[in-house]
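Colleague: I'm more at home at the bench than with coordinates. Could you walk me through how to read a model like this one?

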Amino acid sequence: MNRRKHEKADLKERLRVTLEVRTDSHGMFSPRLLGKRLVTPPANQLPITMKRVPSGKELKARLLYLTRKAEFAASHYYHNPDLSPEENRRIFGKCNNPNGHGHNYVLEVTVKGEIDPRSGFVVDLKKLKETMHREVLDAMDHRFLNKEVPEFLSRIPTTENLAVAIWQRLAPKMTNARLHRVRVYENHDLFVDFYGEENDCVT
Ligand SMILES: [Zn+2]
């Protein structure tokens, strides 16, 4: 080998790029190219640590959470027909006014699932958007909840009950990903989360 060739081979040997694969505390895959061209002594003088790269199969098994947001405006009032007018006024205050008042609700729908290796997606985003519109927004946007949404003919349309009703509408319509959480913001300072859980604590 002539000198020039020898120098080239030596330089190649010294310039190494290390790919480090890390898994964070949530088990999320996070490849990090250190990108350092490490000028090291020749490889045969160093202990070499091989780092295993997870296979595609291992990545597929990871559970991910995806959230889509939507906004809708609706009006409501709070009233329990089993209580006296005085009790209703005491419990619900101004919200008991039967003429109602409006809110700009923000809805967050979180689904969970594995990554489809063909698409790289957890869920078909277009389908999720269509389902949210069809099942929730078309039924509730610009509606008087107490009078126009069947669930609230017999249930008080609080943000809590709204979250439950939205869960009940969406959960059966989910296809490849499962519904994980429904979050409803009544305003910036107040939101309710529902995970579809029954309360199994008997008191
Ligand atoms: Zn209100």
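Modeller: Let's go from the whole chain down to single residues.

Modeller: Keep in mind that this is a predicted model. The mean pLDDT of the protein is 81, and 68% of its residues reach 70 or more. Over residues 14-41, though, the pLDDT is below 50, and this stretch has 31 contacts in the model beyond near neighbours in sequence.

Colleague: Okay. How many helices and strands does the protein have?

Modeller: Six helices and nine strands. Of the 203 residues, 13% count as buried. As for contacts with a separation of 6 or more, 66% of them come from residues 24 or more positions apart.

Colleague: Now the sheet. In what order do its five strands lie?

Modeller: Read across an open sheet from one side to the other. Here the order is S7-S5-S6-S8-S9, with mixed pairing. The edge strands are S7 and S9, as each pairs on one side only.

Colleague: What packs on that sheet?

Modeller: Two helices to look at. H4 packs on the sheet and touches S5, S6 and S7, with its direction at about 20° to that of S5. H6 also packs on the sheet, touching S6, S8 and S9, and its direction makes about 150° with that of S8.

Colleague: Back to the strands. How many bridges link S5 and S6, and in which sense do they pair?

Modeller: Strand S5 (residues 63-76) and strand S6 (residues 101-114) are antiparallel, with 14 bridges between them. To find your place there, start from Leu 64, which stands opposite Gly 113 in S6.

Colleague: And on the other side, what joins S6 to S8?

Modeller: Seven bridges, again in the antiparallel sense, with S8 covering residues 178-187. You can follow the register pair by pair: Val 111 has Leu 179 of S8 as its bridge partner, Glu 108 stands opposite Arg 183, and Val 106 is partnered by Tyr 185.

Colleague: Is there a general rule for where the side chains go in a strand? What should I expect?

Modeller: In a regular strand, side chains alternate between the two faces of the sheet. Keep that in mind as you step along any of these strands.

Colleague: How does the chain get from S8 to S9?

Modeller: Through a hairpin of two residues. S8 and S9 run antiparallel and are joined by five bridges. One of the pairs is Asn 187 with Leu 190 in S9.

Colleague: Let's do a helix. How would I check the length of H6?

Modeller: Compare the expected rise with the distance between the ends. At 1.5 Å a residue, the twelve residues of H6 (residues 159-170) should span 16 Å, and its end C-alpha atoms are 16 Å apart, so the two agree.

Colleague: Which residues of H6 are buried?

Modeller: The general idea comes first: an α-helix has 3.6 residues a turn, so residues three or four places apart point the same way. In H6, the buried ones are Leu 162, Ala 163, Ala 165, Ile 166 and Leu 170. They cover an arc of only 165° around the axis, so they sit on the same side of H6. What covers these buried residues includes S6, H4, S8 and strand S9.

Colleague: What about H3, how many of its residues are buried?

Modeller: Zero out of eight, so to speak: H3 is hardly covered. Just after H3, Gly 93 takes a positive phi of about 60°.

Colleague: Which residue has a positive phi although it is not a glycine?

Modeller: His 142, at about 55°. His 142 is found in the loop between helix H4 (125-140) and strand S7 (143-144). It counts as exposed because it has 11 C-beta neighbours inside 10 Å, and the cut-off for exposed is 12 or fewer.

Colleague: One last loop residue, then. Is Pro 98 buried or exposed?

Modeller: Exposed, with 9 other C-beta atoms within 10 Å. Pro 98 lies in the loop between helix H3 (85-92) and S6. Leaving aside neighbours within four places in sequence, Pro 98 is in contact with Tyr 77 and His 79. Pro 98 and Asn 146 are 48 residues apart in sequence, yet 9.6 Å apart in space, C-alpha to C-alpha.

Methods:
Residues are numbered from 1 along each chain as its sequence is written. This is a predicted model: local features need pLDDT of at least 70, side-chain atom pairs count only at pLDDT 80 or more; totals for chains, interfaces and linings use all residues. Helices (H or I, at least four residues) and strands (E, at least two) are DSSP runs, numbered from the N terminus. A residue is buried if 20 or more other C-beta atoms lie within 10 Å of its own, exposed if 12 or fewer, and partly exposed in between; C-beta atoms are placed from the backbone. Two strands pair if DSSP finds at least two bridges between them. The expected span of a helix is 1.5 Å times one less than its number of residues. The arc is that of the directions from the helix axis to the C-beta atoms. Two residues are in contact if their C-beta atoms, placed from the backbone, lie within 7 Å. Axes are lines fitted to C-alpha atoms, for helices over the stretch in contact, and angles run from 0 to 180 degrees between N-to-C directions. pLDDT is the predictor's confidence in each residue, from 0 to 100.
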